[in-house]
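Colleague: I should like to know how the terms used for this model were decided. Would you set each value against its definition?

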Amino acid sequence: MSTLPSTGSDHAPILISLCPPSPHNDKPRPRWPEVDWPSLIDKLKGWQVSPPADAPSPNQLNQWFSSALSTLTTTIEATAPRSRPSPRSKVWWTPLLTSLRKGFTKATRRAKKLQTPDSYTIARQSKLGYFKSIKRAKASYWADFLAKTSPNNIWTAKPLVAPRKTPRFPSLPDAAGPVGINKALLDHVFPPKDPLPSRGRLKRNPSAAPLTSKEIKLALSKSSPSSAPGPDGVPYSVWKKVNLVNPRIIRELLTPLVAFGYNPPSLKTAKGVVLDNPGKASYDSPTSFRIIVLLKTILKILERIITVRLSAIARSKGLLHHNKCGSLPGLSSSDACLTLTHEVRTLQRPRLKVSTLFLDIKAGFDNGHASTPRARLLTSHVPYYIVDSVSSFLSERTCTLVFQGSPCLSSPVSVGTPQGSPISPLLFLLYVSPLHTSIPRGLMVSYVDDFSITVASPSHGGNIRKL
């Protein structure tokens with residue numbers, strides 16, 4: 001709203017600009033659970049992925065992978081029926097309700113035309129039957145859903161019984177419009193930094209072991225079919241079915257990426273869902289929001305495999321401190337609590353005073369730069385293909401923020417380990433592991449980005465000085 005020049009009257013004219021909400025224009029989406037797999041079995045069994053060139057440029061490898069992946073997903077998608085997403089879509093709707101709605105509409109129009117007691121009675125009965133069927137359909141659907149609730153989908157069921165929460169629109173005083181809000185959130189969460197130098201022509205690394213069917217099967221077994229897919233919308237259930245029909249397809253798609261230590265930029269386009277942090281006093285600052293990154297599922301399969309390989313190498317080379325817990329197989333928050341409790345009781349036996357300081361690394365995942373883990377991995381003589389894969393994963397990424405009124409702009413991101421990737425927690429542990437130091441009469445324990453420093457002395461004052 002702005003004030004216009006005076007018109008000479010005693011009323012001040014004003015100019016108001018109204019931006020109506022954009023219409024709902026989502027494209028029809030494939031219904032992946034209804035893919036006609038029997039018609040695809042023969043095609044997939046004979047499917048072959050032609051290998052890339054021996055020494056391609058990054059652009060050539062990206063084109064090869066994008067073409068092979070697009071051909072495969074398009075073939076599968078062609079057999080899936082389409083759904084038309086709508087703000088009024090109802091999961092409990094049935095074909096019977098469609099038939100009753102048509103009958104109700106027809107009876108109502110007939111009553112208005114004839115205006116006879118019989119026609120009004122029929123219209124009223126049709127209306128009552130229609131709305132009673134809606135109530136029964138709702139009750140039946142949600143009762144069946146809750147009856148099938150398990151520990152795997154309990155958090156999906158929770159919003160159904162909790163009060164509906166209105167999505168919070170990021171309102172930042174210093175940002176003008178959705179584009180300004182988009183930029184302010186990106187600059188805060190992913191502060192711009194210099195990217196790594198781009199690579200020239202790629203070379204196969206002879207130390208890179210080809211992917212095995214066992215590795216791919218293990219990665220898929222740890223991937224939940226209910227996980228939100230990335231920009232391509234392809235869920236894990238599709239890749240599980242493809243691997244079941246022909247295990248060579250995923251292996252031939254991903255093995256060259258491991259051999260060249262390169263992740264194509266087409267795989268690193270992501271959606272960043274903006275969520276408000278609960279319990280904040282105000283929501284007029286970017287610090288009141290967090291971003292969950294949704295990556296393409298085929299990339300997350302590759303990252304799970306690299307995570308398993310890198311985790312074994314990191315343990316053998318001592319890259320992970322022994323008091324580091326969380327995001328590692330066999331080390332959970334319970335281990336951190338038991339370690340801390342045991343150390344406190346041990347220090348208390350000689351009648352020492354024990355104090356613990358708890359710390360949190362704020363926005364740790366979002367501020368890591370690819371150069372730091374790369375230098376550490378190279379210093380520890382980690383195989384070059386893993387170093388290159390990690391560096392490639394952390395660089396040349398793009399992210400499209402999703403929030404109410406989002407302009408849906410794809411923006412480059414040169415910093416941070418995306419929360420939502422299987423390898424991000426391990427990379428963060430490698431990033432902060434050097435912070436662990438040995439403490440005389442004390443202990444430092446950490447769980448992901450939460451640290452605890454415990455010290456002991458004859459007095460609490462002495463502990464405060466030590467801390």
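**Terms and values**

Modeller: Six bridges join β5 to strand β6 (residues 289-294), and the two run antiparallel. This is a predicted model, in which local features need pLDDT of at least 70 and side-chain atom pairs count only at pLDDT 80 or more, whereas totals for chains, interfaces and linings use all residues. Residues are numbered from 1 along each chain as its sequence is written, and side-chain values use heavy atoms, with hydrogens and water left out.

Colleague: What makes β5 and β9 a pair?

Modeller: Two strands pair if DSSP finds at least two bridges between them. β5 and β9 have five bridges, so they meet that condition, in the parallel sense. Gly272, for example, has Leu401 of β9 as its bridge partner, while Leu275 stands opposite Arg290 in β6. Strands here are DSSP runs of E with at least two residues, and helices are runs of H or I with at least four, numbered from the N terminus.

Colleague: Which residues form the covered face of β5?

Modeller: Ala270, Gly272, Val274 and Asp276 form the covered face, and Thr269, Lys271, Val273 and Leu275 the uncovered one. In a regular strand the side chains alternate between the two faces of the sheet.

Colleague: Why is Lys268 said to have no salt bridge?

Modeller: A salt bridge requires a side-chain nitrogen of Lys or Arg within 4 Å of a carboxyl oxygen of Asp or Glu. The nearest side chain of opposite charge, Glu396, is 4.1 Å from Lys268, so the criterion is not met. Lys268, in the loop between α9 (248-260) and β5 (269-276), is nonetheless buried (under 20% relative accessible area, with a 1.4 Å probe and protein chains only). A polar atom of its side chain lies 2.7 Å from the backbone oxygen of Ser395.

Colleague: Why does Cys408 count as exposed?

Modeller: Exposed means over 50%, with partly exposed in between. Cys408 is at 54% relative accessibility, and is therefore exposed. This residue lies in the loop between β9 (397-402) and β10 (410-413). Its phi is near 55°, a positive value in a residue other than glycine.

Colleague: Why are β7 and β8 placed at the edges of their sheet?

Modeller: Four strands form an open sheet of mixed pairing, in the order β7-β11-β12-β8. β7 (324-325) and β8 (353-360) each have a single partner strand, so one side of each is left without a neighbour in the sheet. Within this sheet, six bridges join β11 to β12 (residues 450-457), and these strands run antiparallel.

How values were computed
Lys and Arg count as positive and Asp and Glu as negative; His and the chain ends are not counted. A polar contact is a pair of N or O atoms within 3.5 Å; within protein, one must be able to donate a hydrogen and the other to accept it, and residues adjacent in sequence count only if both atoms are side-chain atoms.
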